[in-house]
Structure formats: structure tokens, C-alpha cells
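Please look over the sequence and the structure shown here before reading on. The briefing that follows goes through the fold topic by topic.

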Amino acid sequence: MPGLAPSTDAPQVLLLEDDPAIARTICYALQREGIAVTHSLLIADARQQWASRSFDALLMDVGLPDGNGLDWCRELRSGGSIAPVLVLSARSEEMDKILGLELGADDYLTKPFSPRELLARMRALLRRSRQFQPVAQTQPAQALQIDEQGQRALIHSQTLDLTRREFQLLQCLSRSAGRILSREHLLEQIWGLHSESTDRTVDTHIKTLRAKLRECLPDQELITTHRGLGYSLSLPE
């Protein structure tokens with residue numbers, strides 16, 4: 001879809017929307033912000049675009065002529081994708097929103113929506129996505145390594161079997177190694193301001209992440225719980 005030409009290093013967003021009028025509005029709003037948009041009308045085309053290129057985020061409708069967008073979102077998560085997903089839907093019931101988030105969406109915006117709100121939410125998702133960069137290789141070779149491109153984490157060259165959220169938690173904690181990060185901070189950075197998740201969600205994911213770290217390093221406790229404050233990560237020796 002034609003629009004303002006973004007710079008070559010602009011964030012790349014795939015838009016899956018079958019309503020041409022809504023798609024034009026979204027493309028115009030995002031491109032004015034310097035965000036490159038590729039538009040697909042059908043899930044089948046979006047799948048091809050996603051497989052052939054690298055996108056920073058996915059903006060998708062739910063009810064599409066060739067299927068349900070949430071089914072594809074679930075497929076992406078099952079396949080290991082950690083790219084942020086913003087769902088657009090005319091369904092405004094609480095259970096619809098919860099279902100979308102449970103199936104892998106990072107945020108949920110109901111139609112009709114304000115282009116300004118859409119931009120704010122998309123910018124927040126892109127900021128969180130781009131914060132997850134590889135840990136600087138100033139550590140010893142056997143320390144924690146985070147492979148951003150491969151979306152995996154290694155300790156002593158052993159790959160950790162992490163879920164998408166566990167991977168993001170480890171990245172966030174490792175970027176501030178030694179510092180205490182509150183549950184609220186972790187929720188905002190990983191689940192987003194508008195998420196239905198709670199502090200218990202963070203605690204549950206920390207518990208499973210800690211268990212997986214122990215499998216690699218049974219003699220070290222990398223994640224420390226600070227009661228009433230949050231969590232901190234010590235880099236492995």
C-alpha cells in the first residue's frame with residue numbers, strides 16, 4: 001500500500017487487515033511515524049510475507065476471510081516467534097481480550113480505535129522488543145550468552161529450553177544484572193501496560209525460569225528474590 005517512504009532502518013511492521021479503509025488509516029498513521037508497513041488482506045499472504053522477511057511486530061485483525069487471526073498468532077508462538085503482536089478486533093468483551101492474550105498476543109485494541117492510541121501502543125511494543133539486545137560479550141566464554149537472532153539463551157554452551165516469556169525475562173534481568181527489578185517493572189517491560197497479567201504471572205514465570213537455570217548450574221542460584229522489592233540476576237561464573 002502506498003504511503004510516506006520510511007528510512008531504511010525503520011521498524012518493520014506486518015499489518016493483517018481485510019478492511020481497506022481501516023488498513024489505509026493504519027498505514028498512513030504508522031508511516032507518518034517512520035514505521036514501515038507491509039499490508040496483507042489474508043492470512044495466507046501474511047504467512048508468506050512473515051516467512052520471507054524479518055518483521056519487528058505484527059498488527060492483526062481477528063476475523064479474516066480465510067480464518068481466525070488468533071489461530072495464526074498461536075501458531076507463531078508455538079513455532080518460537082517472540083515478535084510483539086497487537087490484535088485489532090471489534091470484539092470488546094473481557095473474555096475475548098483474555099483469550100487473545102492467552103493465545104500469544106501482547107496487546108489488544110478494540111475497534112473503533114483512535115489512531116493516536118494505536119500509535120502509542122505500537123511504539124511501546126517496539127520499544128520493548130528493541131530493548132532485548134544481546135548481552136555484551138565482555139563476559140567469560142562460559143558465562144551467560146543470549147543469542148538474539150536465534151532467540152535462545154546458553155549457559156556454558158548449553159541451550160536453555162525456554163518459553164518466549166522466560167526468554168524475555170532472562171534478557172531483561174541480564175541487562176540489569178545485579179540490580180533489583182520490581183514485579184511492576186517486569187510486567188510493564190514484558191507483558192505491557194495494558195496486559196491483564198498480574199504480579200503472580202511474574203512470580204510463576206520466575207519460578208519456572210529459576211528451575212531451568214538450576215538444571216544447568218545446580219551449585220549456583222542466579223535469580224534472587226528480594227521480598228517486597230522484586231528480583232535480581234547474578235551472572236554465572
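## Briefing on the predicted model

Helix H3 (residues 69-78) lies across S1, S3 and strand S6 (85-89), and runs at about 155 degrees to S3; contact here means heavy atoms within 4.5 Å, while axes are lines fitted to C-alpha atoms, for helices over the stretch in contact, with angles running from 0 to 180 degrees between N-to-C directions. This is a predicted model, in which local features need pLDDT of at least 70 and side-chain atom pairs count only at pLDDT 80 or more, whereas totals for chains, interfaces and linings use all residues. Residues are numbered from 1 along each chain as its sequence is written, and side-chain values use heavy atoms, with hydrogens and water left out.

**Overall make-up**

- The protein has 8 helices and 12 strands, where helices (H or I, at least four residues) and strands (E, at least two) are DSSP runs numbered from the N terminus.
- Of the 237 residues in the protein, 49% are buried, a term that means under 20% relative accessible area, as against exposed at over 50% and partly exposed in between (1.4 Å probe, protein chains only).
- Among the contacts in the protein with a separation of 6 or more, 59% join residues 24 or more positions apart.

**The parallel sheet and its surroundings**

- An open sheet of 5 strands follows the order S2-S1-S3-S6-S7 with parallel pairing, and two strands are said to pair if DSSP finds at least two bridges between them.
- Strand S2 (36-40) and strand S7 (107-110) stand at the edges with a single partner strand each, so one side of each is left without a neighbour in the sheet.
- Neighbouring strands of this sheet are turned by 20 degrees against each other on average, with direction ignored.
- Strand S1 (residues 12-16) and strand S3 (residues 57-61) pair in the parallel sense over 4 bridges, and Leu15 stands opposite Leu59 in S3.
- S6 and S7 also run parallel and are joined by 4 bridges, with Asp107 in S7 as the bridge partner of Leu86.
- Both faces of S7 are covered, since Asp107 and Leu109 on one side and Tyr108 and Thr110 on the other are all buried.
- After S7, Pro112 has its place in the loop between S7 and helix H5 (115-131), and the peptide bond from Lys111 to Pro112 is cis, with omega near -5 degrees.
- Most peptide bonds are trans.
- Ala23, which lies in helix H1 (residues 20-32), is buried with a relative accessible area of 0%, and its C-alpha atom is separated by 7.5 Å from that of His39, 16 residues apart along the chain.

**The antiparallel sheet**

- A further open sheet is formed by 3 strands in the order S8-S9-S10, with antiparallel pairing, and its edge strands are S8 and strand S10 (158-159), each of which pairs on one side only.
- S9 and S10 pair in the antiparallel sense over 2 bridges, and Leu154 stands opposite Thr159 in S10.
- H6 packs on the sheet, where it touches S8 and S9, and its direction makes about 120 degrees with that of S8.

**Helix packing around H8**

- Helix H6 (residues 164-175) and helix H8 (residues 199-216) pack at an angle of about 80 degrees with their axes 10 Å apart, which means that H6 is roughly perpendicular to H8 (angles under 35 degrees count as roughly parallel, over 145 as roughly antiparallel, 65 to 115 as roughly perpendicular and the rest as oblique).
- In this packing, Arg165, Glu166, Leu169, Leu170 and Leu173 in H6 meet His205, Ile206, Thr208, Leu209 and Lys212 in H8.
- The axes of H7 and H8 come within 9 Å and cross at roughly 85 degrees, which makes H7 roughly perpendicular to H8.
- The contact of H7 with H8 is made by Arg183, Glu184, Leu186, Leu187 and Trp191 of H7 and by Asp199, Thr201, Val202, Asp203 and His205 of H8.

**The largest nonpolar core**

- The largest nonpolar core has 27 residues, of which Ile155, Leu160, Leu170, Leu173, Leu186 and Ile223 touch the most other members; such a core is a set of buried Ala, Val, Leu, Ile, Met, Phe, Trp, Tyr and Cys residues joined through side-chain atoms within 4.5 Å.
- At least two residues of this core are supplied by each of strand S8 (144-147), strand S9 (152-155), H6, helix H7 (183-191), H8 and strand S12 (230-233).
- Leaving aside its neighbours within four places in sequence, Ile155 is in contact with residues including Leu144, Leu160, Leu213 and Pro236.
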